[in-house]
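Trainee: I'd like a close look at a single part of this one. Please pick the sheet and whatever sits against it, then show me how the rest is laid out around that.

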Amino acid sequence: MVPMRLPPLKAVRAFEAVCRHGSILGAAAELGVVRGAVRQQLAILESYFCEKLFERDGRKLTATAKAARFAEAANAALVALERAAAEFAGGEHRRIRLGVPSAFAIWWLGPRLSNMQAALGSVDVDIVPMSIVEPLSLHPELDAVIMGGEYRPAAGVTAVKFMEDEFGPVATPDLADGFADDPAHMAQLTAVVSRSALTLWQEWFAESGTQAVTFRRKQEFEDLPLALGAARSGVGVVLAPRAAIEDDLQRNLLVAPYGFVRRPAGYSLSCRNADARKPAFTALRDWLLRSGVSTQ
């Protein structure tokens, strides 16, 4: 079988940068070239594939469906190539692309970014929000991933648990008054559910030893931040990680009538075995361990 001729690397880099920035100007600034040079590389790639790569949406360039899939693969390949080149040259890993559950990034990591950066010094951490958290083995473009819930070890990957996970039903004080004395009364309410954790209610009933109820209605939201926003507005009752709503509890915007149940698993940092002992990764791991303990 004759191997397929690969597209020019310079053209792929320009194309991938345009996809991320949504503009030729942004890509040119990142690559340190003039806009004409980026346009030339895009023309080379379109000629290679014999297909149009972008559609214009106002001032923004939007990749076609096929081109978007290629851009995703190109991004992963370029990051992997960059990592391999740095290791080959013997350079120290000073940049970590960290996949983080979107909700966790907002309510736990975000407020601590300054503290993290001070602890890591010259190591740069790029936070990549993940609406659906998947194992590191499925994401060659990432250097490490924070996993919530049960973690199943994978070949070539090291995981370190740095924080416990506690969760429980929360609602506005007015709604909570109606079911605080008996969980069965939750059946009259709307269960607010995040699509990123559709089985969380079943897990809470089982782990808390509470008799499961059939809710009057269930309303799904794309992720936990949206679900929490709905609960704050009084839509219904939601299951929330304690660390996500500490501020809401202190301000009495939300209440947790039954407290919180500690889950068997917690939050873990996973990275490749080849990276686990590198100074940048050990610094990130140690900071997470210290910060996770202080949260309890």
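Mentor: I'll start with the overall picture, go through the sheet, and then move outwards.

Keep in mind that this is a predicted model, so to speak: local features need pLDDT of at least 70, side-chain atom pairs count only at pLDDT 80 or more, and totals for chains, interfaces and linings use all residues. Numbering runs from 1 along each chain as its sequence is written, and side-chain values use heavy atoms, with hydrogens and water left out.

The protein chain has 11 helices and 12 strands; these are DSSP runs numbered from the N terminus, H or I of at least four residues for helices and E of at least two for strands. Its C-alpha trace spans about 70 × 45 × 40 Å along the principal axes. Of the 296 residues, 42% are buried, meaning under 20% relative accessible area, with exposed over 50% and partly exposed in between (1.4 Å probe, protein chains only). Take the contacts between residues at least 6 apart in sequence: 75% of them join residues at least 24 apart, where contact means heavy atoms within 4.5 Å.

Now the sheet. It's an open one, built from 5 strands in the order 4-3-5-12-6, with mixed pairing; two strands pair if DSSP finds at least two bridges between them. Strand 4 (124-130) and strand 6 (157-163) are the edges, and each has a single partner strand, so one side of each goes without a neighbour in the sheet. From one strand to the next the twist averages 25°. At the strand 6 edge, the partner is strand 12 (residues 267-272), and the two pair in the antiparallel sense over 6 bridges. If you want a spot to zoom in on, Val157 has Arg272 of strand 12 as its bridge partner.

Helix 5 (residues 102-109) lies across strand 3 (95-101), strand 4, strand 5 (144-148), strand 6 and strand 12, and runs at about 105° to strand 3. (Axes are lines fitted to C-alpha atoms, for helices over the stretch in contact, and angles run from 0 to 180 degrees between N-to-C directions.) How many of the residues of helix 5 are buried? The count is 7 of 8, so to call it mostly covered is fair. The buried residues are Ser102, Ala103, Phe104, Ala105, Trp107, Trp108 and Leu109.

Next, strand 8 (residues 190-194), which pairs in the parallel sense with strand 9 (residues 217-221) over 5 bridges. Ser194 stands opposite Phe221 of strand 9. To get from strand 8 to strand 9, the chain passes through helix 8 (residues 200-208), making a right-handed β-α-β crossover; right-handed means that, with the strands pointing away from the viewer, the path from the first strand over the helix to the second runs clockwise. Strand 8 also pairs with strand 10 (residues 237-241), again in the parallel sense, over 2 bridges. There, Ala191 has Val237 as its bridge partner. Strand 8 itself is mostly covered, with 5 of its 5 residues buried. Thr190, Val192 and Ser194 point one way, while Ala191 and Val193 point the other.

Over among the helices, helix 2 (residues 24-31) and helix 3 (residues 35-49) pack at an angle of about 105°, their axes 8 Å apart. That makes the two helices roughly perpendicular (65 to 115 degrees; under 35 is roughly parallel, over 145 roughly antiparallel, and the rest oblique). Helix 2 brings Ile24, Leu25, Ala27 and Ala28 to the contact, and helix 3 brings Arg35, Val38, Arg39 and Leu42. By class, that contact has 6 nonpolar, no polar and 2 charged residues, with Ala, Val, Leu, Ile, Met, Phe, Trp, Tyr, Cys and Pro counted as nonpolar, Asp, Glu, Lys and Arg as charged, and the others, Gly among them, as polar.

One last stop is Asn75, in helix 4 (residues 65-88). Asn75 has 16% relative accessibility and counts as buried. Setting aside neighbours within four places in sequence, Asn75 is in contact with Glu16, Arg20, Arg97 and Glu141.
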